[in-house]
Amino acid sequence: MEHNFEHFQSAHCENGVTRSLLQNAGVTQITEPLAFGIGAGLFFVYLPFLKINNAPVIAFRPMPGLVFKRTCNALGINVVRKKFSSKKSAQEYLDECLKNGQPVGCQVGVYYLPYFPKEYRFHFNAHNLIVYGKEGDNYLISDPIMELTTTLSSYELERVRFAKGALAPNGQLYYPKAGPIVTDEQIKKAIVAGIKKNTSHMLQGVMPLVGAKGIKYTGNRIKNWRDKYGLQKAGLYLAQLVRMQEEIGTGGGGFRYIYAAFLQEAYAYHPIDELLKISEAFTASGDLWRTAAVQAAGIYKKRLGSQADFNTMGNYLVEIAELEKNAFIALKNIKWH
């Protein structure tokens, strides 16, 4: 069977799924940075009272599915999203979509993905991939973080679609419904809407655990971890931060680089010089996140461990928080034409 689906490799799974599904649906203007920015994908939250893998929850992204949903909504594209209690019904619905030539996004767990390197397989259920065809008992898979397409057997796909635990996907699939051609004017308006939404999320004043305030709060707490928890537990907590930052969706430095690219692409639609200047601030923030990850790795790998090392780690986050706060304030103050 011929498949007209075009695979794109991306830096992050949900951005990539959003870009690929929309590109293949005829939204030719969409890129990964535009999807990420329109979908208000830059985020931070620290939840010390919730634990994953025996360490506090630290997230650099909104809830799974929101980037896709927000991007489609901003462009006036209707979304079909389904969850299933029955594995049989989930497969039947998927097969019907594929029979009709409709590729679909799926939320899956990564632990049982056979094409993932073993060191990246752990219980994390917010990965996204695209199923775009079926040949015999094998489903054709476009995983945006992989260079090439691959396949999963019906059993393998069912296993990851119905992974257990936090954020269990419950067979979830989604796709954009066909509609009118998206115009450049719609892209232009969606860029502004996405920036305003992301600015609100990162500057919100309700909780000190969210946005730029959350980054500063986390940095100041890290300075106390050595005395409060001891080196081993504090190292585990820092390993969690780096895992969520760098291994689960390029959340720290990578997302800042993507957002910087988004502002550069936004300049083509809104030629406002401040966008390029603010883009440089997010690139600088990305560099600092990467530097912080190296510092954290030195601590949890026991190459570092003094109180001064923890202070340095915490201060990196405090500096990042100030940089991002000022960048979003500058975005908030832009006068859109």
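**Notes on the cysteines and the sheet**

1. Disulfides first: the count comes to zero. Keep in mind that this is a predicted model. The cut-off here is a pair of cysteine sulfur atoms within 2.5 Å, and the two cysteines below can be checked against that.

2. Take C72. The closest cysteine sulfur to its own belongs to C97 and sits 15 Å away, so a bond is ruled out by distance. C72 is also buried, at a relative accessible area of 0%.

3. C106 has a similar story. Its sulfur also has C97 as the place to look for the closest cysteine sulfur, but at 9.0 Å that is too far for a bond. C106 counts as buried too, with 0% relative accessibility.

4. Now the sheet. You'll find six strands in an open arrangement, paired antiparallel, in the order β3-β8-β4-β5-β6-β7. The edges are β3 (79-82) and β7 (150-153); each has a single partner strand, so one side of each lacks a neighbour in the sheet. Going from one strand to the next, the twist averages 35 degrees.

5. For a look inside the sheet, try β4 (residues 104-108) and β5 (residues 127-135): they run antiparallel and are joined by five bridges. On this pair, V104 is found opposite V131 in β5.

6. What packs on the sheet? Helix α1 (residues 13-24) does, touching β4, β5 and β8 (173-176). If you want the geometry, the direction of α1 makes about 40 degrees with that of β5.

Methods:
Residues numbered from 1 in each chain as written. Predicted model: local features only at pLDDT ≥ 70, side-chain atom pairs only at ≥ 80, totals over all residues. Heavy atoms only, no water. Pairing = 2+ DSSP bridges. Helix = DSSP H or I, 4+ residues; strand = E, 2+ residues; numbered from the N terminus. Axes fitted to C-alpha atoms, helices over the stretch in contact; angles between N-to-C directions. Contact = heavy atoms within 4.5 Å. Buried < 20%, exposed > 50% of the residue type's maximum accessible area, 1.4 Å probe, protein only.
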